[in-house]
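User: I am in my first year and would like to learn how the words used for a structure follow from its values. Could we go through one together?

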Amino acid sequence: MTPHLDFNSDAESQAMKQLFRGRILFAFGVVILLFSVLIGRMAYLQWFDFERYHLLAEDNRISVETLPPTRGKIYDRNQILLADNQPVFTLKMTREKMNDVDEVEQQIAELLPNLDQQRREDFFEKLRRTSRSKSLLLPYSLSEEEAARFAARSHLIPGVSLTARLKRTYPFGATGVHALGYVGRINSKELSKLNESEYRGTEVIGKSGIEKFYEKRLHGLPGIQQVETNARGRVLRKLETVPAVPGEDIQLTIDIGLQQFAESQFKEHKRGSIVAMDPQNGEILAYVSMPTFDPNLFVDGIDQKSYTSLLKNPHKPFINRGINGKYPPGSTIKPFVALGAIENNIISPNKKIYDPGYFEYKNHRYRDWKRTGHGLVDMHDAIVQSCDTYFYELSLDMGIDTIHDALSPFGFGQKTGIDIPGESKGILPSQAWKRETKGLPWYRGETIISSIGQGYNLTTPLQLAKATAILANGGKIIQPHLVRDAQRPPPEQIEIKNSQNWNRVIASMRDVMHGARGTARRHGIGLPFKMAGKTGTAQVFSLNEADYEEENIDKRLHDHSLFIGFAPFENPKIAVAVIVENGGSGSRTAAPMAVNVMKKYLQEHL
Amino acid sequence: MKIALNSPQTVYRKNKGLLEALHIDGWLLLGILMLLAGSTLLVYSASGGDWDVVYRHLVRIGFAMGLMLLFAQIPPNILYLFTPWLFGIGILMLIAVILVGDVGKGAQRWLDFGPVRFQPSELMKLVLPMTVAWLFAHSSFPPSYRRLLFGAALIAFTAGLIVVQPDLGTSLLIAMSGLFVLFFAGLPWKVILGAVFAAIVSLPIVWHFMHAYQKQRVLTFLNPESDPLGSGYHIIQSKIAIGSGGIEGKGFMGSTQAHLEFLPESTTDFIFSVLAEEFGLIGVIILLSVYVFVIARGLYIATQAQDNFTRLIAASLMMTLFIYVLVNIGMVSGLLPVVGLPLPLISYGGSALVTLMISFGILMSIHTHKKMLTK
């Protein structure tokens, strides 16, 4: 019923079977041969080239993400926060995901009316220039309301997403900016000097002040996270994590309350500096450079308009006057000169000289500030009344090099070593200094004006405060500093030949404030403590013989007003140096400011 | 052959057991079950542990096993009767595909019968060798050149219908299955050598008529690194998967290349790379050994077949299986150009598995429906 399939004869069938078996064997041989080729291929890939493919597979699988460290916070001496990291909302934009960049820019402009137009244009210009797949953060912090408004419309704006990040903020704004400094976006010059691996993922870097000086400590070290990503780059799971080492918190010696109060002393006068420190250890309590500016402007990159207006401000807020303002010290130098003279036995402190209102040397009259003269004065009187003639005469007996050597231990003409970058040295002249810098010999006439802090003398407010502190603490050469916890070697001691000499000089300074004829006696009245001080009025330029008519000359050419002092007299807790640019006489402008700062501080620390 | 001599068949002949009653060849079934078990494990791993995929895979395996069982019951002489009709239907369907076929992956390969989508070229994988074998069932020995030429023409005609779909890879493989029949039927060696020579000479002409995507595949195959993110990507990622498996492999479920989606088509065409990555060179050798076992058993069945028709079919189907394994592994390991081709019995996927299991059913039928008169 089923068809018979074997149509061939038996002989034919046998021959065919024979041939068929031969071909089957041949075919099986080919199977074995080609499978061996496959196994050879596999052995090549999996054995011989295993290392290479193993690495490639790991490369595929693992990608490394940097975890940027959180920047250390900065506190004042009373644990009040001065520099914080605040979470803020910003927009992350990726050109790749956008339909039309111009359209997105338009939408952003409508959504964020407070965003500066220039800044917006700059940002989008940058976005157009960067790689399509790279994400950029809009340098703008959205308010909660703006963030909510964006969130509601985000689906209409592809390529833009809301993201949170930590932003450096300075809650006290402009207060103390010259000490604290600020952070800003890392620029290409800074980038080239950095260890790139440490700054991967970090957006900002300290640009000035404490933020720059302690950059390394504040920044911390980035962590590394190995993540497993799939072929589309999505992170599937975290593998190994080396956590970031957060930046260290830093506590300053600054008392932010005192700082605010000191800055508030500048009302009528716009420019100047106040440095207040603890004379026992060099801790700076207030560091004022006026005018100030708001560091918060710089964190996300300052917009051109604000920057230009700050640059063009005639009062030059960017100058850090405390360390870079170089002023003739004027009469504030006198106590130091006097101390040098008696320590070197140049003059007896009791010796009186007569001041007719001028000092004549080589047919040139060097005028005293008091035209009528002070009459017969000894050293005490010369300091209390700030008699110029006494020092003119004394200086010729001392010679410039003795003055230099006497003042040098107090830190004049040298960097104080304060922990903010860019400090100026100032000038403490000597014969050698003039020969080296100007290639000229020293003239005795120059010694005369040097003795009252004019001529070549230039000091920074910080140097004056330091010198005052050394005077107050009995010759301990303290190093001014802004960070509290730093380990410091014990201060060196100025060689004191006779401690009576020191007492005499500071007693004279006390009488500047409390004596009957003291130049600042008006400001010493009614103080709950005794203090020492010295006024100074530094000529900005020499008016020569012409009469000094304050009202007639440009205010910018008014004398600088200076004051140094410390309090309480018996147990000094605060030393202050004040310089008010073009503030006029030291006793009128600088002295009350310094006294107010001391009063404020000692209210709490007496 | 040692395996064949210890065949359970010899035992069951005297003592008719369940397998013989069902017309099942135990050795072949053993090899198939080993491959399908491995396949299920690999599909589970390559899909990232997706039980839904595994479940669907098992349903298909069950369905295909059913078909194998069904075809094992059909005596070869019945198949012989139906062969010309099946060929006719197959050719008509191939023509229908060209005229009204569904487009899938840029080519017309499917016929849509409402709930069932059917790939006629899949049918032809079985029917063409059967048809050519049918042609030589009556042939004298050695076969006349006229008959050989006629067989070659049938093969060329069928392959031509598939090549215009366009599906060069499948058409070449189907042609191969027909050519194997010619080979086993006694195609003279000088003709074989001449044909090989002619093929080499005609390569530039074939190149000229190839589609752009086919040319691209060949070019990419010759230098995959030239386009690492484009068409070379698949091969590079596949080689990384294989190479990174090393000798011992990364362990079951350890294929990062598949799980992280670097490897394309990891449950289907590139499933071998998952095996190589997870089970290493050892796994590869075991798999190839099982294939050799199955092929050897199939070829043994061919030698034991009692007539031309069945022995030609059996030998051709096994060599076709071999070619599929060779091409797939050659492709994923970068020895051959990428042709969309599953790994027999291992890849996840319906129609290829069904065709294969039917061919195993036919093999079992051949081995178990024997006329006792010869013994």
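User: How many residues does the contact take from chain A and from chain B?

Analyst: This is a predicted model, and in it the contact takes 40 residues from chain A and 49 residues from chain B. On the side of chain A that touches chain B, α1(A) gives the largest share, with 21 residues, and the residues of that side divide into 25 nonpolar, six polar and nine charged.

User: Why is α12(B) called roughly parallel to α14(B)?

Analyst: The axes of α12(B), residues 233-245, and α14(B) come within 6 Å and cross at roughly 20 degrees. Angles under 35 degrees count as roughly parallel, and therefore α12(B) is roughly parallel to α14(B). The crossing of these two helices, α12(B) and α14(B), is left-handed.

User: Which residues make the contact of α12(B) with α14(B)?

Analyst: From α12(B) the contact includes S238(B), A241(B) and I242(B), and among those from α14(B) are S273(B), V274(B) and G280(B). Sorted by class, the contact has four nonpolar, five polar and two charged residues.

User: What makes up the largest nonpolar core, and which helix gives the most to this core?

Analyst: The largest nonpolar core has 118 residues, and those that touch the most other members are A133(B), I271(B), L299(B), A314(B), A315(B) and M318(B). Helix α14 of chain B, residues 271-304, gives the most to this core, with 17 residues. A second, separate core has 111 residues, including L218(A) and L464(A).

User: With which residues is A314(B) in contact, leaving aside its neighbours within four places in sequence?

Analyst: With those neighbours left aside, A314(B) is in contact with G298(B), I301(B), A302(B), A305(B), L363(B) and I366(B).

Notes: Residues numbered from 1 in each chain as written. Chains lettered and ligands numbered in written order. Predicted model: local features only at pLDDT ≥ 70, side-chain atom pairs only at ≥ 80, totals over all residues. Core = buried A, V, L, I, M, F, W, Y, C linked by C-beta atoms within 7 Å. Buried ≥ 20, exposed ≤ 12 C-beta atoms within 10 Å, placed from the backbone. Helix = DSSP H or I, 4+ residues; strand = E, 2+ residues; numbered from the N terminus. Contact = placed C-beta atoms within 7 Å. Nonpolar A, V, L, I, M, F, W, Y, C, P; charged D, E, K, R; others polar. Axes fitted to C-alpha atoms, helices over the stretch in contact; angles between N-to-C directions. Parallel < 35°, antiparallel > 145°, perpendicular 65-115°, else oblique. Left-handed = near helix turned anticlockwise from the far one by under 90°.
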